[in-house]
Structure formats: structure tokens, C-alpha cells
Amino acid sequence: MTHEIKTPLTLIKLPLERITAALTNAPHLQQYLQIMNSNTERLLELTRQLLDFRKIETEHYHLFLTELNIFAVTEKLVHSFSPAIAEKNISFHFTPPSGNIIIAADEEALVKIISNLIDNAIKYCEQQVRIDLEIDQTLNLVRFYITNDGETVPKEMREHIFEPFVRHYHKGVGGSGIGLSLVHSLVQLHQGKMEYKVVNNMNIFSVAFPLKISSVDINIPTNNES
């Protein structure tokens with residue numbers, strides 16, 4: 001059923017985009033069309049997440065692992081969120097590592113993981129978002145941290161936030177409760193680990209990826225390359 005919903009939404013979105021582009025002399029109509037277009041895109045994204053979540057549940061989501069520079073992927077995604085950062089007028093800090101960090105990952109899945117975390121941080125923050133990457137040489141992991149100063153999740157909900165359709169209500173911010181669950185599942189498929197904690201009243205989501213995944217025959221360097 002989700003797949004059937006996705007098709008008509010896609011067919012609605014394309015004409016909307018073309019009409020919006022054509023109505024350059026009718027700003028009052030453009031405003032309404034942009035609202036329609038953004039909500040259509042929101043519905044499309046929800047259907048995509050539901051389809052991915054269903055594939056994972058039925059073990060039909062397959063990873064196509066390649067060598068990826070997680071810093072380069074993150075940097076590109078941060079740039080794509082520039083309009084949202086500017087619109088909300090927040091302080092956004094991305095601390096680059098000293099060199100490249102290469103992991104074995106599915107590029108599409110990695111983009112979904114990082115973009116979901118950035119999107120949530122921007123939506124729920126008050127004024128600050130921060131991204132940090134670091135290598136744990138002892139455990140042979142790369143750790144991705146995204147921190148925001150929004151309202152923290154109540155203690156009684158923290159152990160459940162990665163469950164499907166569970167979400168903490170935040171005034172003025174909508175959500176389906178599927179995004180974090182999907183991210184958590186995709187991280188696990190990469191043999192990684194995802195955690196949530198509160199430090200100094202700040203929300204911190206951390207994701208740890210192995211620098212080398214034992215189940216794939218890919219030679220992954222464990223040291224940074226300049």
C-alpha cells in the first residue's frame with residue numbers, strides 16, 4: 001500500500017514544481033503552491049522511510065558496500081542544509097577531522113543516516129547544532145556525534161526513542177516517529193552502534209561505524225590519510 005501511495009504523490013509533485021516555476025508574476029499563488037509542494041515532499045519522504053523500514057523488517061534491504069569518505073559525505077550534506085540553517089538563523093558548527101576517514105558503507109544508506117540526524121538536530125534545536133567526527137584507534141571505530149541544544153528527551157523515554165513510531169512531542173515540530181528507528185536499523189546493518197545521551201542539558205546522538213567490516217572483503221585503512 002505504501003508503494004501505491006508513493007506513485008500518485010510523485011505524479012502530483014512534478015506538475016506542482018512546473019506550475020510554481022511558471023507563475024513568476026503571481027507571488028500570492030506561488031506561496032500556496034510552495035506550501036503544497038513542501039507537504040507533498042514531506043509525504044514522499046515518509047513513504048520512502050516506511051518502504052525502507054519495511055524492507056529492513058523483512059530482511060530485504062541489502063547493503064552495497066564501497067569505500068566512502070565519511071567526512072566528504074557529511075560536508076556535502078551540511079552544505080545542502082544551508083538554506084534550513086539560514087532560515088532558522090542558528091549557530092551550526094562542523095568540526096572537520098585532520099584527514100580523510102574511510103569506511104565500508106552503503107552510500108545511499110549512509111546519506112539517509114546522516115541527513116536524518118542533521119534534519120532532526122536543526123528542527124529540534126533552539127540555537128545551536130554541532131557535528132564532530134573522531135577515530136577510536138583502540139576499538140577501530142569512527143564516531144559521528146551530532147549535538148543540539150533543544151529540549152531534551154525525558155528520562156523515561158530515552159530507552160525507547162529508537163523504537164518505531166515513538167517520538168517526543170515538541171511544540172511546533174511535526175514528525176512520524178519513523179526516522180530515528182530507520183536510522184538505528186541502518187546503523188545496525190553496518191555493524192555499528194547508535195546511542196542517545198544528555199550532557200550539560202544538550203542532546204547528543206552518536207553513531208559508531210567500524211573502520212573495517214569483517215563480513216566484506218574490502219581493505220579499509222585504519223589511519224587517517226592527509
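In this predicted model, the N-terminal end of helix α3 is capped by N69, which places a side-chain oxygen 3.0 Å from the backbone nitrogen of F71. The helix itself spans residues 70-80. Its buried residues are I70, F71, V73, T74, L77 and V78. These residues sit on the same side of α3, because the arc they cover around the axis is only 160 degrees. Turn to the other side of α3 and the picture flips: K76 and H79 are exposed there. The spacing fits a familiar rule: an α-helix has 3.6 residues a turn, so residues three or four places apart point the same way.

What does α3 lie across? The helix lies across β2, β4, β5 and β7 (202-210), and runs at about 165 degrees to β2. Helix α5 (residues 107-124) packs on the sheet too, touching β2, β4, β5, β6 and β7, with its direction at about 25 degrees to that of β5.

As for the sheet, it is open and mixed in its pairing, with 5 strands in the order β2-β4-β5-β7-β6. The edges are taken by β2 (91-95) and β6 (193-199); each has a single partner strand, so one side of each is left without a neighbour in the sheet. On average, neighbouring strands are turned by 15 degrees against each other, direction ignored. Away from those edges, β4 (residues 128-136) and β5 (residues 141-148) pair in the antiparallel sense over 8 bridges. One of the bridge pairs here joins E134 to R143 in β5.

Helix α5 also has a helical partner in α6 (residues 179-189): the two axes come within 9 Å and cross at roughly 145 degrees. The crossing is left-handed. On the α5 side, the residues involved are A109, K112, I113, N116, L117 and N120, and they meet G179, L180, V183, L186 and V187 of α6.

Back towards the start of the chain, L16 in helix α1 (residues 2-22) is worth a look. Is L16 buried or exposed? Its relative accessible area is 7%, which is under the 20% limit, so L16 counts as buried. Setting aside neighbours within four places in sequence, L16 is in contact with L33, M36, N37 and T40. The last of these, T40, is 24 residues away along the chain, and its C-alpha atom is separated from that of L16 by 9.3 Å.

How values were computed:
Residues are numbered from 1 along each chain as its sequence is written. This is a predicted model: local features need pLDDT of at least 70, side-chain atom pairs count only at pLDDT 80 or more; totals for chains, interfaces and linings use all residues. Side-chain values use heavy atoms; hydrogens and water are left out. Two strands pair if DSSP finds at least two bridges between them. Helices (H or I, at least four residues) and strands (E, at least two) are DSSP runs, numbered from the N terminus. Axes are lines fitted to C-alpha atoms, for helices over the stretch in contact, and angles run from 0 to 180 degrees between N-to-C directions. Contact means heavy atoms within 4.5 Å. Buried means under 20% relative accessible area, exposed over 50%, partly exposed in between (1.4 Å probe, protein chains only). The arc is that of the directions from the helix axis to the C-beta atoms. A polar contact is a pair of N or O atoms within 3.5 Å; within protein, one must be able to donate a hydrogen and the other to accept it, and residues adjacent in sequence count only if both atoms are side-chain atoms. A crossing is left-handed if the near helix is turned anticlockwise from the far one by less than a right angle, and right-handed if clockwise.
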